[in-house]
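Trainee: Can you walk me through this one? I'd like to learn how to read it piece by piece.

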Amino acid sequence: MSSPPSLSPPDSPTAPPPPGGPAERRRPRLLARLTARVRRSALPLASLLLFLALWQLAAAAGTWSETLVPPPAKVWDAFVDVSTTHDGVRGYNGTTLVEHLGISLRRIAFGAGLGIAAGVLLGLLMGTVGPLRSLFEPWITFLRTLPPLAYFSLLVIWLGINEEPKVTLLAVAAFPPVAVSTTTAVAAVPRSLVEAARALGASRRDVVRDVVLPSALPETLTGIRLAVGVAYSSLVAAELVNGLPGIGGMVKDAANYNNTPVVLVGIIAIGVSGLIIDGLLLRLERAAVPWRGRT
């Protein structure tokens with residue numbers, strides 16, 4: 001008589017998964033992603049260290065005076081001075097570096113925001129109405145080729161020396177890139193999509209909202225990034241007159257006294273903040289148009 005088959009007790013531990021399961025297969029991919037992230041972070045850090053080393057060598061060589069090429073240590077000391085209160089002096093001209101930068105960023109946000117809004121609106125109109133494009137495109141091209149200093153003096157004559165000419169200059173500088181990119185994107189929307197939407201009973205407003213805007217959004221966001229960059233490059237010009245407090249005004253005032261370390265601190269602050277804002281805009285672009293760049 002054969003014995004009954006043995007049964008494992010109900011509380012026996014579960015057998016481990018065989019090698020090569022999902023967890024084992026995920027490890028190489030996670031390791032590859034981690035390696036890629038480390039590589040992306042290491043390369044910019046290595047380039048920064050190389051730049052600082054070359055800067056220190058150029059300053060130590062004595063080819064130029066420290067007034068022209070101060071060593072990195074002096075620039076760091078200037079950064080600490082304009083960021084804190086020292087010897088009874090608060091920052092630069094009574095305002096710390098963060099406050100200077102914050103005031104300039106508010107000017108950029110307001111001015112560039114106005115220019116971007118106007119550029120998107122006019123770009124939609126020019127892209128959908130052919131005569132409007134023929135009417136306004138030469139003027140936008142003319143405005144796009146003008147350097148900010150070419151018309152800033154005129155803005156000061158018209159608007160005074162307070163905030164109005166600064167904000168207007170930044171708005172005028174940010175307007176053309178958005179208008180051009182939006183116009184091009186709207187005009188490039190496939191005609192078949194528009195006709196298909198109309199065949200399904202969509203009104204003109206529905207076509208613009210559901211077909212034109214999603215199709216033009218990637219190029220419009222690229223134009224917005226370019227517009228913010230142009231506004232940043234126009235910041236010092238916008239703060240040439242009565243720019244203190246403001247990071248561009250700080251750079252201009254320090255240059256008047258050959259205070260090169262403070263000038264470099266201001267330039268670095270503008271560049272770093274510009275990189276951060278451009279990175280945020282890039283994240284916004286990826287979130288708003290996740291399909292871009294995918295096949």
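Mentor: Let's go through some helices, cores, ring pairs and loops; bear in mind that this is a predicted model.

Trainee: Okay, helix 2 to start. How far apart are its end C-alpha atoms?

Mentor: They are 16 Å apart. Helix 2 covers residues 72-83, which is twelve residues, and at 1.5 Å a residue the expected span is 16 Å, so the two values agree.

Trainee: Which residues are buried in helix 2?

Mentor: Pro-72, Val-75, Ala-78 and Val-82 are buried there. Looking down the axis of helix 2, you'd find its buried residues within an arc of 115°, so they line one face of the helix.

Trainee: Why would residues a few places apart point the same way?

Mentor: An α-helix has 3.6 residues a turn, so residues three or four places apart point the same way.

Trainee: Switching to aromatics. How many aromatic pairs are there?

Mentor: The count is two. One is Phe-51 with Trp-55: the ring centres are 5.9 Å apart and the planes are at 50°. That angle makes the pair tilted, because tilted covers planes that are neither under 30 degrees apart nor over 60.

Trainee: Where do Phe-51 and Trp-55 sit in sequence terms?

Mentor: They belong to helix 1, residues 22-60, and are four residues apart, so about one helical turn separates them. Trp-55 is buried, with a relative accessible area of 15%.

Trainee: And the pair of Trp-76 and Phe-79, how are those rings arranged?

Mentor: Their centres are 5.2 Å apart and their planes are at 35°, so this pair is tilted. Both residues lie in helix 2, three residues apart, which is about one turn of the helix.

Trainee: Is Trp-76 buried or exposed?

Mentor: Trp-76 is exposed, at 54% relative accessible area. Its partner Phe-79 counts as partly exposed, at 33% relative accessibility.

Trainee: Now the inside. Which residues touch the most other members of the largest nonpolar core?

Mentor: Leu-97, Ile-108, Leu-169, Ile-247 and Val-262 do, in a core of 38 residues. Several helices supply at least two residues each, among them helix 2, helix 3 (97-128) and helix 11. The largest share, six residues, comes from helix 8.

Trainee: What does Ile-108 touch, leaving aside neighbours within four places in sequence?

Mentor: Ile-108 is in contact with Gly-113, Leu-170, Ala-231, Tyr-232 and Leu-235. There's also a second, separate core of ten residues, including Ala-185 and Val-212.

Trainee: Why do nonpolar side chains end up together?

Mentor: As a general tendency, nonpolar side chains in soluble globular proteins tend to be buried together.

Trainee: What about a polar residue, say Ser-181? Where is it found?

Mentor: Ser-181 is in helix 6, and at 13% relative accessibility Ser-181 counts as buried. Beyond residues up to four places away in sequence, Ser-181 touches Glu-219, Thr-220 and Gly-223. A polar atom of the Ser-181 side chain also lies 3.0 Å from the backbone oxygen of Pro-177.

Trainee: How far apart are Ser-181 and Ala-216 in space?

Mentor: Their C-alpha atoms are 8.8 Å apart, while in sequence they are 35 residues apart.

Trainee: Let's do loops. Which residues does a cis peptide bond join?

Mentor: Leu-244 and Pro-245, with omega about 0°. Pro-245 is in the loop between helix 9 (235-238) and helix 10 (247-256).

Trainee: What phi does Asn-242 have?

Mentor: Near 55°, which is positive in a residue other than glycine. Asn-242 is in the loop between helix 9 and helix 10, and is partly exposed, with a relative accessible area of 39%.

Trainee: And Asn-258, where is that?

Mentor: Asn-258 is in the loop between helix 10 and helix 11 (260-288). Its phi is near 55°, and at 58% relative accessibility Asn-258 counts as exposed.

Trainee: Last one: what is Thr-95 in contact with, leaving aside its close sequence neighbours?

Mentor: Not counting neighbours within four places in sequence, Thr-95 is in contact with Val-82, Arg-90, His-100 and Pro-245. Thr-95 sits in the loop between strand 2 (89-90) and helix 3, and counts as buried at 13% relative accessibility. You've met two of those contacts before: Val-82 is one of the buried residues of helix 2, and Pro-245 is joined to Leu-244 by the cis peptide bond.

Key:
Residues are numbered from 1 along each chain as its sequence is written. This is a predicted model: local features need pLDDT of at least 70, side-chain atom pairs count only at pLDDT 80 or more; totals for chains, interfaces and linings use all residues. Side-chain values use heavy atoms; hydrogens and water are left out. Buried means under 20% relative accessible area, exposed over 50%, partly exposed in between (1.4 Å probe, protein chains only). The expected span of a helix is 1.5 Å times one less than its number of residues. The arc is that of the directions from the helix axis to the C-beta atoms. Contact means heavy atoms within 4.5 Å. A nonpolar core is a set of buried Ala, Val, Leu, Ile, Met, Phe, Trp, Tyr and Cys residues joined through side-chain atoms within 4.5 Å. A polar contact is a pair of N or O atoms within 3.5 Å; within protein, one must be able to donate a hydrogen and the other to accept it, and residues adjacent in sequence count only if both atoms are side-chain atoms. Rings of Phe, Tyr and Trp (its six-membered ring) pair if their centres lie within 6.5 Å; planes under 30 degrees apart count as stacked, over 60 as edge-to-face and the rest as tilted.
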